[in-house]
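Thank you for making time this morning. I would like to walk through one model with you, beginning with its strands and then turning to its side-chain contacts.

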Amino acid sequence: MSEDQPEPEAREIPGGSVKKVRRVKKGRRSKQTKNSGNSNSLLNKGKELLHGIQADDDDSGHVDVAEQIRRLKKKGPIETLDEVWGSKKRSTSWLWVSLLAVIVPLIGVGVGISMLTQNQTEDENGGHSIEMFSGFDVEKTNSHTWFDGDSTVWLEKAVDILRAFNTAKSPDEVLAFVRPSPYATLNPLEINRWSSPMTLNTMYDVTWRLPTVSPPGGGKERGYVVVSGQRENFEPFSAYFVEEDGELLLDWDATTNWCEIPFAKFIEEESRSVALIRGKIEKKPIYDSVIGGISYSGYLLTSDDGSEFIFCYVPLDSDKQRIDDARIKTILNYKRFVGPLLKDLPVTLRVRFGDGKGGGKLFEIVDLVHDKWVRP
């Protein structure tokens, strides 16, 4: 080698040549470091999103970090995805809030309507009543216009009349508070009819309801007030009041559940005379029968306290009897398309034992006088 020739290390690098190996390695390290930083940042943001979603929505399932990153890469830049997720979370929450805001009032309205329109399956002396000053019975109609606006006054009058009965020494003291009746001679006013006085210390000792009574075959309904409570011996009572000529009067016949022949005596004697009977009526298909080629529509009639009962029938052999039978079925909602079958409803009937000709071995319903016990 010539002395004038430079050493390899000292040689000049030809123009356009670079030490590519070193520069490539250095560049790769820098890129790897940068990518590693971006990956760690993306991973951390993915973790934060995942933890945030899991904390806000307990119903979401577990998603591992790898799956979360895959979703991030698939859906685009992290900023855009974060906005989408945020809007999705908010829209879902508002959707549930909106649904609840609509559904909850509808449920409340439905329950209210159901309570107001339910059929009366309780008897007149039973629990279908409303506490004092808490509202009106579902039977309240235009027949109670006299009661509107002055309900407190009318109720106070009713309680005052009952207090007068508690303290009266003779019928004359309360006669002015009693409704005139065509049966006054048969069912006279008796002050000592009950051995225990009514508990009437405050207005809240009683409950009240507003039924209506209809004459058979149509006609004007009568609205009346029933006041119920307890006697001092804890026996229940119900008193029936009607309005006539601006005055509140006690319906003595309905309050005493008066029958022309006492229920027990009527059954025992099997009276063939037609008698006015107040009772509670019920119907089932098994009560019907056919005797001698005549169809009989059967009913169960019980006394007011449920201690006595008879099976009685309407012979369907005349137009009048078929009409009466249809009216009783309507009262009980029997085989009607809307509403359940009712039972133990108060009615006033004319009943006899036999067919009125000296024959027959059945209690026969001769006439439907009216529904309920109050005279229309």
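Which residue in S10 is the bridge partner of Lys280? It is Thr302, and before I go on I should say that this is a predicted model, in which local features need pLDDT of at least 70 and side-chain atom pairs count only at pLDDT 80 or more, while totals for chains, interfaces and linings use all residues. Residues are numbered from 1 along each chain as its sequence is written, and side-chain values use heavy atoms, with hydrogens and water left out.

Let me stay with strand S8, residues 275–282, where helices (H or I, at least four residues) and strands (E, at least two) are DSSP runs numbered from the N terminus. S8 is joined to strand S10, residues 294–302, by three bridges, and the two run antiparallel; strands count as paired if DSSP finds at least two bridges between them. S8 also pairs with strand S12, residues 345–353, again in the antiparallel sense and over seven bridges, and there Leu345 is the bridge partner of Ile281. Eight of the eight residues of S8 are buried, so the strand is largely enclosed by the rest of the structure; for accessibility, buried means under 20% relative accessible area, exposed over 50%, and partly exposed in between, with a 1.4 Å probe and protein chains only.

At the end of that strand, Glu282 is buried at 12% relative accessible area, and its side chain meets that of Lys284 in a salt bridge of 3.8 Å, N to O, whereas Lys284 is partly exposed at 37%. A salt bridge here is a side-chain nitrogen of Lys or Arg within 4 Å of a carboxyl oxygen of Asp or Glu, and a search of the whole structure finds 14 of them.

Another one lies in helix H7, residues 319–332, where Asp319 and Arg322 are three residues apart and therefore separated by about one helical turn; their side chains meet at 2.6 Å, N to O. Asp319 is exposed at 54% relative accessibility, while Arg322 is partly exposed at 39%. From the same region, Lys320 forms a salt bridge with Asp367 at 2.9 Å, N to O. That pair links distant parts of the chain, with Asp367 in strand S13 and Lys320 in helix H7, 47 residues apart. Salt bridges that share partners then join Lys320, Asp324, Arg327, Arg350 and Asp367 into one network.

Now to the aromatic rings. Rings of Phe, Tyr and Trp (its six-membered ring) pair if their centres lie within 6.5 Å, and planes under 30 degrees apart count as stacked, over 60 as edge-to-face and the rest as tilted; by this rule the count comes to 12 aromatic pairs. One of them is Phe266 with Phe363, a tilted pair at 5.5 Å centre to centre with 40° between the planes, and it links Phe266 in helix H6, residues 263–269, to Phe363 in strand S13, residues 363–371, 97 residues apart. Phe266 is buried at 2% relative accessibility, and Phe363 is buried at 10%. Phe363 also pairs with Phe353: the ring centres are 4.9 Å apart and the planes at 65°, so this pair is edge-to-face. Phe353 lies in S12 and Phe363 in S13, so the pair ties together parts that are 10 residues apart in sequence.

Finally, the cysteines: how many disulfides does the structure hold? The answer is zero, taking a disulfide as a pair of cysteine sulfur atoms within 2.5 Å. Cys259 is buried at 10% relative accessible area, and Cys312 is buried at 0%.
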